[in-house]
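Biologist: Please take a close look at the ligand site, and deal with the question of disulfides before you get there. I would like the contacts described atom by atom where possible.

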Amino acid sequence: MTASDQGLLHRDPNFSYPVLVKGEGIYFYDEAGNRYIDGTAGAGNVTLGHGRLPIVEAMADQGSQLAYCFSTFFTNRPALDYARRLTELAPGDLNYVYFVSGGSEAVETAIKLARFYHLQRGKAQKYQVIGRWRGYHGATLGALAATGMPGLRASFEPYLPSFPHIASCYPYRCPFAGCQDRCNLTCARQLEETIRQVGADNIAAFIAEPVVMAGIAAGTPPPDYYPLIRQICDQYDILFIADEIITGFGRTGKLFAIEHWDVVPDIITFGKGASSGYSPLGGVLLTDAMQQGLSQQGQALPHVFTYVNNPVAMRAGLAVLDLMDAENTLEHATQVGAYLQEKAQVLMDHPAVGQVRGKGLTLGLELVQDRQTRKPFPPEWGVSKRIPQLALERGLALSGTSGGADWVEGDDIRFYPPLIITRAQIDEALAIIDECLGLVERDLRQQGWVPGSLAE
Ligand code: PLP
């Protein structure tokens, strides 16, 4: 960006944003000709990589035939076809879908439909939604009310309805005594405690990301977590919304990550990978029971966005499913995901790495001063900023966040590349992460850091 590039309001006024001009496969290029590995798949979007002509051609073809269709009075063939394809692939009886333009709209839709569902059943009081601390569900006020990340919420308090939150499943930094690393599901049982506290008659739904990426670096609950959540939700007539906006469409090797737990939610929200980032597209999948509940009074849904069922977005979604089919993306993501998880363990050779974890093509590294006590680095050392900065200079875009330990302290690094990545490209990215960790550790030692014991 140059000094004369004014007018566009960027999120961080202190950051100099490289201007990107081209993408190809897992790489993108800036105006200066620098090449980067897209190590966050554009925040989880570009699952099938950059420059995929079949998706672009499908969109151009649709745009030249019918670019827009007002969903209140009309429907369109691509929307009907995409709905059929997606509901056939979705788990259990998630046989209905409502298409919107992105993740936050999908979460807004899910919350409103959950409330409307209970209203139609004569349970108007069931309007609250329980979220989880460290859960991220979007930027709009309703989705933000369900979000449990204080740094994103605080500036917009108070919310319209005040949503209760329970702890996320975060074994590495579990707040419950005796639960660290092993997870005895106290965090899941907190859902029942909170339901009893607030009153089941006041709660419409519980929302959670199967694998947390924004609030925890690749936070993955143990096998018993979601079955217990499902059981508690059923017991108290509460809908379970799985927010798959970042995990959906193959990120963990399944079409939807919740399938790893063999649990069928009442609602799945999706976005990002649905169009592989080529078109604004999101949606909610609903079970047969949800659809019946919503329509039982014969009332039209009092909910619509201008771009519902947008034909061009629908063709992008269909083209993504075609490519995933042709390229066996889920199998590929499973295999290279397992390779990534195995190879990345070598990063534990760095004393500043407290844990390497993840599922499929999500990778999270916890950075600590002392591996045994898990003491975080002082936030002013900016460890989670320095590593992505060095990586960017070496051609790898990564994300790093702080606050993982207590909202102020705690650093982590996330790597979640396009699903088309190869083993050799994973090696290339891990080598850069390895080098950057080494460089930062060298600097930290010069700053006076003495690493804790390497023994487990
Ligand atoms: N939910 C989850 C789990 C997300 O990761 C995101 C975005 O990162 C959202 C919701 C919001 O989606 P969007 O930014 O497309 O509105």
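Modeller: Cys436 is buried, its relative accessible area being 0%. This is a predicted model, and the same caveat goes for the rest of what follows. Cys179 is likewise buried, at a relative accessible area of 1%. For Cys179, the closest cysteine sulfur belongs to Cys174, at 3.9 Å. A disulfide is a covalent bond between the sulfur atoms of two cysteines. The cut-off used for such a pair is 2.5 Å, so the sulfurs of Cys179 and Cys174 are too far apart for a bond. The number of disulfides found by this rule is zero.

Now the ligand site. The ligand is surrounded by Gly103, Ser104, Tyr136, His137, Gly138, Glu209, Asp243, Ile245, Ile246 and Lys272. By class, this shell holds three nonpolar, four polar and three charged residues. The charged ones are Glu209, Asp243 and Lys272, while Tyr136, Ile245 and Ile246 count as nonpolar.

Ser104 places a polar side-chain atom 2.5 Å from an oxygen atom of the ligand. Gly103 comes within 2.9 Å of a ligand oxygen atom through a backbone N or O atom. At Tyr136 a backbone N or O atom is again involved, this time 3.3 Å from a nitrogen atom of the ligand. As for cover, the ligand taken alone exposes 390 Å², and the protein buries 80% of that.

Technical notes. Residues numbered from 1 in each chain as written. Predicted model: local features only at pLDDT ≥ 70, side-chain atom pairs only at ≥ 80, totals over all residues. Heavy atoms only, no water. Near = heavy atom within 4 Å. Polar contact = N/O pair within 3.5 Å; in protein donor to acceptor, adjacent residues only side chain to side chain. Areas by Shrake-Rupley, 256 points an atom, 1.4 Å probe, with all protein chains shown as cover. Buried < 20%, exposed > 50% of the residue type's maximum accessible area, 1.4 Å probe, protein only.
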